[in-house]
Amino acid sequence: MRKWWPLVAVCLGAFMLLVDVTIVTVALPGMAKSLDASFSALQWVLDIYALALAALLLGAGSVADLFGARRVYLVGLVLFAAASLACGLASNAATLIAARGVQGVGGAAMFTTTLALLNSTYQGRDRGVAFGVWGAVNGLAAAGGPILGGLLTQHVNWRSIFLVNLPITVVTIVLTLAVVKESRRAGQARIDLPGMASFTACAGTLTYGLIRAGDDGFTATTPLTMFALAAVTLAVFVVVETRTRHPLLDLGLFRNRSFVAVLVGGALMMASAFACLAFTSLWLQGALGLGPVRAGAALIPLALASFVVSAAGARLLHGVSPRLSIGIGLLLIGIGSGLQAVLDAGSSSTAIMPGLIVGGVGVGLAIPVLSAAVMSAVPPERGGMAGGALNTFRQLGYALGIAVLGIVFRGRIEHLLTGHVADPHAMAGAASGGQAPRLPIVRAAVASGLNEVYAVSAGLGIAAGIIVLALVRSPRRTVRPQPQREKAAA
């Protein structure tokens with residue numbers, strides 16, 4: 001059993017950082033009330049963490065190659081713990097958002113080094129087992145975050161979802177120091193600072209523009225300015241990456257349609273399966289009046305189905321093409337979202353259960369094989385970069401999904417409240433944040449807004465499935481030549 005302790009150390013860190021992507025969803029109403037936070041501030045609490053992960057994953061990989069994966073992993077753990085403490089002690093929304101951003105920086109340093117540590121620690125069959133466990137932990141963390149968040153928020157408070165990271169981080173640091181060996185390829189890495197800066201600016205301005213568009217409209221000055229800056233910084237990123245000798249991301253990989261399809265599928269999967277959970281939580285607590293535990297429990301079917309399928313899939317789907325596993329999984333995620341778009345003013349939490357189960361099955365099919373699929377689509381020497389790009393696109397898909405679905409959610413609520421309340425814009429903002437009075441018209445508007453969110457999520461999931469099934473090439477099987485005796489006998 002001693003050989004598996006490094007796997008435990010790596011999976012503890014991965015579980016923490018991925019749980020923190022979704023654990024805050026059930027705590028949003030409590031945060032809004034405690035910190036007097038607006039709907040856009042709540043979106044930033046979710047988005048800034050995912051954005052920091054997305055923007056820094058590839059750059060952190062270069063830093064790890066230069067200074068050692070174990071060292072960067074430990075620095076990430078310390079930074080993650082310090083930021084978690086700041087989140088738990090935050091006295092206002094701005095402080096919480098800033099601390100979440102720093103938490104994302106630590107999470108990027110941790111996430112980008114986990115695969116490198118496993119790859120250098122295990123060989124052969126053990127490496128396959130380690131990667132399989134790591135993938136299952138990823139799926140469980142993403143789906144189980146709202147459940148853990150509900151338990152901690154109701155039985156302690158919303159601050160505990162961050163403070164609980166502190167003892168776990170201490171255990172992980174001690175374990176890493178004791179059992180994990182350094183993995184370093186000295187002199188083989190260069191840090192692409194212009195690429196990191198331009199990519200971060202592009203992702204940040206695009207997300208900020210979308211969130212502001214939800215408040216001000218797409219034709220307002222601030223959103224238009226942000227979209228223009230996003231376009232300019234994207235162009236700068238492309239120019240930088242094509243001219244540098246050591247690019248953050250080799251743009252030549254995008255000539256490979258399988259690589260592109262898996263990246264798109266990973267991004268749309270996060271937007272379809274997980275971004276909508278924040279708005280589901282606001283409906284469960286704000287419109288239905290459920291406590292955090294019951295709201296988290298309502299989402300258990302997604303986590304349970306995902307875990308069971310991902311655990312069983314390694315055996316039952318052995319030999320099945322990743323193209324089919326991912327493509328069918330994404331289609332099921334889309335169908336599951338569509339099955340949830342049946343709400344009205346009288347709906348209870350059980351109305352979304354069938355869709356959560358179907359979506360969870362899709363998540364369990366797709367997530368465990370995403371990394372293997374994207375790395376098999378590129379040359380072996382680009383495998384690390386491809387894996388980093390996939391994780392970047394997944395977190396970027398989640399961040400942009402929150403922003404886009406927030407526009408859909410609030411816009412639909414405001415549209416239905418117009419003519420029925422004195423200030424539909426203000427009431428829509430309060431209802432979106434779970435802080436509006438539980439009037440029948442408000443409850444009906446929130447349910448309709450969530451239906452719109454699910455409909456868009458369904459379209460994203462189904463589109464992702466079609467893209468993967470149409471564009472991803474199945475790996476070619478190597479045909480072994482027949483021995484001479486077999487040829488003669490034939």
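In this predicted model, Gly 387 is found in helix H17, which covers residues 383–417. With a relative accessibility of 8%, Gly 387 falls under the 20% limit and therefore counts as buried. Leaving out residues up to four places away in sequence, Gly 387 touches Val 374 and Met 375. Ala 373 offers another reference point: Gly 387 and Ala 373 are 14 residues apart in sequence, and their C-alpha atoms are 9.4 Å apart in space.

Helix H16, made of residues 353–376, is the place of Val 369. Is Val 369 buried or partly exposed? Its relative accessibility is 24%, so Val 369 counts as partly exposed. Once residues up to four places away in sequence are set aside, Val 369 touches Ser 325 and Ile 326. A longer step along the chain leads to Thr 112, which is 257 residues from Val 369 in sequence, with 17 Å between the two C-alpha atoms.

Ser 325 and Ile 326 also appear among the buried residues of helix H15. That list further includes Gly 327, Gly 329, Gly 334 and Gly 336, along with Leu 330 and Ile 333. What do the buried residues of H15 pack against? They pack against helix H11 (257–273), H16 and H19. The length of H15 can be checked too: its 19 residues (322–340) should span 27 Å at 1.5 Å a residue, and the end C-alpha atoms are 27 Å apart, which agrees.

A similar check works for H1, where 18 residues reach 27 Å from the first C-alpha to the last, close to the expected 26 Å. Of these 18 residues, 14 are buried, so H1 is largely enclosed by the rest of the structure.

Helix H19, one of the partners of H15, runs over residues 440–471 and is the place of Ser 448. Ser 448 has a relative accessible area of 14% and is buried. Not counting residues up to four places away in sequence, its contacts are Arg 412 and Leu 416.

Aromatic rings come next. A pair of such rings is described by the distance of the centres and the angle of the planes. A search of the whole structure finds 11 aromatic pairs. One of them joins Phe 39 and Phe 279, whose ring centres are 6.3 Å apart and whose planes meet at 55 degrees, making the pair tilted. Why does this pair tie together parts that are 240 residues apart in sequence? Phe 39 lies in helix H3 (residues 39–67), whereas Phe 279 lies in helix H12 (residues 277–287), so the pair bridges that separation. Both Phe 39 and Phe 279 are buried.

Another pair has another geometry. The rings of Trp 158 and Phe 162 have centres 6.4 Å apart and planes at 85 degrees, so this pair is edge-to-face. Trp 158 is buried at 6% relative accessibility, and Phe 162 is buried at 0%.

Ring pairs also link Phe 39, Phe 279 and Phe 409 into a cluster. Beyond its neighbours within four places in sequence, Phe 409 is in contact with Phe 39 and Phe 279, and also with Leu 282, Ser 432, Val 446, Gly 449, Leu 450 and Val 453. Phe 409 has a part in the nonpolar interior as well. How many residues does the largest nonpolar core have? The answer is 137, and Phe 409 is among those with the most contacts inside this core, as are Met 31, Leu 96, Phe 259, Phe 274, Trp 283 and Tyr 398.

Charged side chains give a shorter account. Side chains of opposite charge can pair when their charged atoms come close. The structure holds one salt bridge, in which the side chains of Asp 126 and Lys 3 meet at 3.1 Å, N to O. This pair links distant parts of the chain: Asp 126 is in helix H6 (residues 124–155), while Lys 3 is in the segment before helix H1 (5–22), 123 residues away. Asp 126 is partly exposed at 25% relative accessibility, and Lys 3 is partly exposed with a relative accessible area of 44%.

The last feature concerns cysteines. How many disulfides does the structure hold? The number is zero. Cys 11 is buried, with a relative accessible area of 9%, and Cys 87 is buried with a value of 0%.

Definitions and conventions
Residues are numbered from 1 along each chain as its sequence is written. This is a predicted model: local features need pLDDT of at least 70, side-chain atom pairs count only at pLDDT 80 or more; totals for chains, interfaces and linings use all residues. Side-chain values use heavy atoms; hydrogens and water are left out. Rings of Phe, Tyr and Trp (its six-membered ring) pair if their centres lie within 6.5 Å; planes under 30 degrees apart count as stacked, over 60 as edge-to-face and the rest as tilted. Helices (H or I, at least four residues) and strands (E, at least two) are DSSP runs, numbered from the N terminus. Buried means under 20% relative accessible area, exposed over 50%, partly exposed in between (1.4 Å probe, protein chains only). A salt bridge is a side-chain nitrogen of Lys or Arg within 4 Å of a carboxyl oxygen of Asp or Glu. A nonpolar core is a set of buried Ala, Val, Leu, Ile, Met, Phe, Trp, Tyr and Cys residues joined through side-chain atoms within 4.5 Å. Contact means heavy atoms within 4.5 Å. The expected span of a helix is 1.5 Å times one less than its number of residues. A disulfide is a pair of cysteine sulfur atoms within 2.5 Å.
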